[in-house]
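Trainee: I have a model open and want to go through it piece by piece. Can we work from the strands outward?

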Amino acid sequence: MIEIIVCDDDKNCRNAVASVVKEFFSENNIPNKITKYSDYNDKFIEDICPSGKKIYILDIETPSRSGIDVARIIRKRDVESIIIFVTGYEEFSKLVLKKNIMCLSFINKFDDLTGNLRESLKEALHFFETNKVLRITDNGITYNIRLNSILYFTRDSLDRRTIIKCDKTEYKLKMTLLEVKEILGDKFIQTHRSCYVNEQRIDTIDHKNKIITFDNGVTTDLLSDTYRKELMK
């Protein structure tokens, strides 16, 4: 489920944006919830909180508050949601960039609103996919692991644990290799009977010496002849 919050004091623009959003997610068969506001009132501010996948589509000015100030509030409480500005005040675009509020895009409502908004929504979906956070509960402990930070996971036969190797840390779980694979999904390809690697993080493969190098310089030699052919496709 993706939650989309649309705020614009212009009713026609607010409804037009909501219509584009509804059509886009319907075409992509993605569950969504659209909430519309006409102002950055107290109810809007109270509702700002991190809760799953969320996209804010904001106007620059409403009677109560500036959209830039509201974006600052959003970022203080929630660093992962998407912020998109849709406004007629194009001169504010440089100011938005200067404020470092991590805005995905700044769309002029009078210049191909539908096309530009659809492109921004595509970018938002890509962001959610590449920055997806997995919640894994193992032996009474819940881990929140960013999917794209995982390089590979392997089985330690002596310790009888599955090790998830990430950019800056590693997690040791009592779950089996196949149980972890089922959770992590099809981005991971098997390279050894006891190893799966994140295909999108591979930089080079030395087939002769059976070494996989990831995009951060980390290497693994868990590459067997049985699975090497799959990587060569």
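Trainee: Which residue stands opposite I164 in β10?
Mentor: This is a predicted model, where local features need pLDDT of at least 70, side-chain atom pairs count only at pLDDT 80 or more, and totals for chains, interfaces and linings use all residues. Residues are numbered from 1 along each chain as its sequence is written, and side-chain values use heavy atoms, with hydrogens and water left out. Strand β9 (residues 161-166) joins β10 through four bridges, and the two run antiparallel; strands pair if DSSP finds at least two bridges between them. The residue opposite I164 is Y171.

Trainee: How many residues lie between β9 and β10 in their hairpin?
Mentor: Helices (H or I, at least four residues) and strands (E, at least two) are DSSP runs, numbered from the N terminus. β9 and β10 form a hairpin. The number of residues between them is three.

Trainee: In β10, which side chains point to the buried face?
Mentor: Buried means under 20% relative accessible area, exposed over 50%, partly exposed in between (1.4 Å probe, protein chains only). In a regular strand the side chains alternate between the two faces of the sheet. Strand β10 (residues 170-173) follows that alternation: E170 and K172 point to one face and are not buried. The buried ones, on the other face, are Y171 and L173.

Trainee: β12 next. Which of its residues are buried?
Mentor: Strand β12 (residues 195-198) is covered on both faces. C195 and V197 take one side, Y196 and N198 the other. The buried residues are C195, Y196, V197 and N198.

Trainee: Which residue stands opposite V197 in β12?
Mentor: Strand β11 (residues 188-192) runs antiparallel to β12, with four bridges joining them. The two form a hairpin with two residues between them. The partner of V197 is I189.

Trainee: And which residue stands opposite C195?
Mentor: Look at β8, which pairs with β12 in the antiparallel sense over three bridges. The residue opposite C195 is T154.

Trainee: What is phi of R160?
Mentor: Most residues other than glycine have a negative phi. R160 is in the loop between β8 (150-156) and β9, and it is exposed, with a relative accessible area of 65%. Its phi is positive, though it is a residue other than glycine: near 55 degrees.

Trainee: Is N29 buried or exposed?
Mentor: N29 sits in the loop between α1 and β2. It has a positive phi of about 50 degrees although it is not a glycine. Its relative accessible area is 68%, so N29 is exposed.

Trainee: What handedness does the unit of β1, α1 and β2 have?
Mentor: Strand β1 (residues 2-7) and strand β2 (residues 32-37) run parallel, joined by six bridges. Within that pair, E3 stands opposite K33. A crossover is right-handed if, with the strands pointing away from the viewer, the path from the first strand over the helix to the second runs clockwise. With helix α1 (residues 11-27), the β-α-β unit is right-handed.

Trainee: Is I82 buried or exposed?
Mentor: I82 lies in strand β4 (residues 82-87). It touches K54, I55, Y56, R75, L104, A124, F127 and F128, not counting residues up to four places away in sequence; contact means heavy atoms within 4.5 Å. Its relative accessibility is 5%, so I82 counts as buried.

Trainee: How far apart are I82 and C103 in space?
Mentor: In sequence they are 21 residues apart. C-alpha to C-alpha, the distance is 7.1 Å.

Trainee: Which elements do the buried residues of α5 pack against?
Mentor: Helix α5 (residues 113-130) has 18 residues. Its buried residues are L113, L117, S120, L121, A124, F128 and T130. They pack against β1, α1, β3 (53-58), β4 and β5 (105-108).

Trainee: Which residues is D203 in contact with?
Mentor: D203 has its place in strand β13 (residues 202-206). Leave aside neighbours within four places in sequence. The contacts are T213, F214 and D215.

Trainee: What share of the protein's residues count as buried?
Mentor: The secondary structure comes to seven helices and 15 strands. The C-alpha trace spans about 65 × 40 × 35 Å along its principal axes. Of the 233 residues, the buried share is 42%.

Note on methods
The expected span of a helix is 1.5 Å times one less than its number of residues.
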